[in-house]
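This report considers the aromatic contacts, the pockets and one helix of the structure shown below.

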Amino acid sequence: MKNNQNHHPAPMISLFKLFNPPLHLTNLLTVMLIFAFGSCFGIFLTFNLQNVSFNFNFTQFSHPNTSTATAVSDPPMHDMTDEEVIWRASMAPKVRDYPFERTPKVAFMFLTRGPVVLAPLWERFFNGNDGLYSVYVHSSDSSANVTVPEDSVFYGRRIPSKDVEWGKVNMIEAERRLLANALLDFSNQRFVLLSEACIPLFNFSTVYTYLINSKHNFVESYDLEGPVGRGRYSNKMAPTIDIEEWRKGSQWFEMERDLAIEVISDKNYFSVFHDFCDGQCYSDEHYLPTFVTKLFGETNANRTLTFVDWARGGPHPTKYTRNDVTEEFLVKLRNDRSCEYNGKKNQICHLFARKFTSHALDRLLRIAPKLMQFNL
């Protein structure tokens with residue numbers, strides 16, 4: 001019994017300590033503070049982790065506010081292959097209403113050997129019209145971008161380019177490359193192919209309005225007998241292209257976005273030209289005229305917007321130098337003929353002209369801006 005009684009004091013002391021009022025209040029207060037701090041920290045951490053996750057997902061999949069968002073153009077230089085660019089550019093949305101504020105732009109695509117030698121004239125043409133145009137330059141000369149001033153509209157506008165040979169099928173490849181790169185900007189609605197020897201014949205507002213409001217594409221196309229027409233056709237192109245469908249026309253085109261997508265997406269007709277129209281076939285004079293006439297003839301105005309003088313004959317058009325540039329000459333180019341525009345007779349038929357040399361630049365800068373009313 002004594003042994004049992006001797007073991008009772010220890011638990012009694014523990015119970016006494018536990019229920020001792022001062023110690024009980026202190027421990028309880030400590031436990032409550034630790035619990036409260038842990039709960040607050042847990043709630044704070046959980047909320048912030050959820051908020052970070054939510055913000056991350058929202059940023060990934062949401063579109064900017066539609067009332068203020070605008071389409072942003074892709075930089076011309078990139079590391080994509082031709083196939084990757086064409087694949088990306090050929091994607092066309094089924095929903096025609098854009099979910100952002102979109103001002104349609106005109107893409108001016110310059111196919112050149114080197115720099116745009118008449119750039120100062122084009123600078124005057126574009127001045128004051130930011131947001132209504134895009135510029136793209138395809139040049140075989142990799143140093144062409146080095147000499148362009150940083151404040152120029154041509155600075156940094158050279159796309160990844162490849163060598164182009166006159167009369168070869170790689171000329172068509174260069175045109176498709178320009179179209180594909182320009183199509184990456186959803187705001188580009190009309191597409192004009194120009195060379196370093198081209199000049200504008202009217203001010204920007206006239207050109208912009210003419211193109212944006214047009215119901216047609218401008219690809220010259222006609223059937224021509226003889227060696228420089230049907231004579232360039234190969235029977236190997238049949239049955240994809242029959243000789244009755246073979247067309248010839250100017251290389252210098254203008255088209256709207258839907259047709260541009262069709263052009264870069266075409267494999268059937270382009271592969272025929274690639275295989276059977278190289279060298280003396282001069283594919284750049286036949287591919288688009290044939291392709292557009294056969295598949296999209298109802299959308300085509302069947303004329304070019306770029307004046308070129310072939311009156312002297314030969315494989316190359318007339319070149320205009322310094323002595324050729326007068327006010328009377330430029331007026332004649334602006335009013336040389338009448339044509340049809342959106343189903344009505346119109347006196348403005350050519351918006352551009354070529355082939356002007358760099359020696360003509362000084363006179364063009366003196367005469368053209370005033371005559372063509374640049375900056376108006």
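Phe125 is buried in this predicted model, with a relative accessible area of 1%. Its value lies under the 20% limit that defines a buried residue. Phe126 is likewise buried, at a relative accessible area of 0%. The rings of Phe125 and Phe126 form an edge-to-face pair, with 5.1 Å between the centres and 70° between the planes. The angle is over the 60 degrees required for that class.

In total, the count of aromatic pairs in the model is 31. Another of these pairs joins Phe108 and Phe204, whose geometry is tilted: the centres are 6.3 Å apart and the planes meet at 40°. Phe108 belongs to strand 1 (residues 105–112) and Phe204 to helix 7 (residues 204–212), so this pair ties together parts that are 96 residues apart in sequence. Phe108 is buried, with a relative accessible area of 0%, and Phe204 also counts as buried, at 3% relative accessibility.

Both pairs belong to a wider group. Ring pairs link Phe108, Phe110, Trp122, Phe125, Phe126, Tyr133, Phe154, Phe204, Tyr208, Phe352 and Phe374 into a cluster.

Aromatic rings also meet charged side chains. Arg157 is placed over the face of Tyr136, 5.3 Å from the ring centre. Arg176 lies over the face of Phe270, and here the distance to the ring centre is 4.1 Å.

Arg176 and Phe270 appear again in the lining of the second largest pocket, where they are among the residues closest to its centre, together with Asp82, Glu83 and Ile86. The two largest pockets are set out below.

| Pocket | Volume | Lining residues | Nonpolar | Polar | Charged |
|---|---|---|---|---|---|
| Largest pocket | about 1200 Å³ | 43 residues | 18 residues | 13 residues | twelve residues |
| Second largest pocket | about 340 Å³ | 16 residues | five residues | three residues | eight residues |

In the largest pocket, the lining residues closest to the centre are Gln251, Trp252, Trp310, Pro317 and Arg354. Strand 1 and strand 6 (306–307) each contribute at least two residues to this lining. Strand 1 is also the element that holds Phe108 of the tilted pair.

Helices contribute to the lining of the second largest pocket: helix 4 (82–89), helix 6 (170–183), helix 8 (257–265) and helix 9 (268–276) each supply at least two residues. Helix 6 gives the most, with five residues.

Helix 6 itself comprises 14 residues and spans 20 Å from its first C-alpha to its last, close to the 20 Å expected at 1.5 Å a residue. Of its 14 residues, 13 are buried, so helix 6 is largely enclosed by the rest of the structure.

A further position concerns helix 10 (residues 287–296), where Lys294 is located. Is Lys294 buried, partly exposed or exposed? Lys294 is partly exposed, because its relative accessible area of 30% falls between the 20% limit for buried residues and the 50% limit for exposed ones. The C-alpha atoms of Lys294 and Trp246 are 8.9 Å apart in space, while the two residues are separated by 48 residues in sequence.

How values were computed. Residues numbered from 1 in each chain as written. Predicted model: local features only at pLDDT ≥ 70, side-chain atom pairs only at ≥ 80, totals over all residues. Heavy atoms only, no water. Phe/Tyr/Trp six-rings, centres within 6.5 Å; stacked < 30°, edge-to-face > 60°. Helix = DSSP H or I, 4+ residues; strand = E, 2+ residues; numbered from the N terminus. Buried < 20%, exposed > 50% of the residue type's maximum accessible area, 1.4 Å probe, protein only. Lys NZ or Arg CZ within 6 Å of the ring centre and 35° of its normal. 1 Å grid on protein atoms, 1.4 Å probe; cavity = no way out; pocket = protein on both sides within 12 Å on 5 of 7 lines; lining within 4 Å. Points joined across faces, edges and corners; volume = space filled by probe spheres on them. Nonpolar A, V, L, I, M, F, W, Y, C, P; charged D, E, K, R; others polar. Expected span 1.5 Å × (residues − 1).
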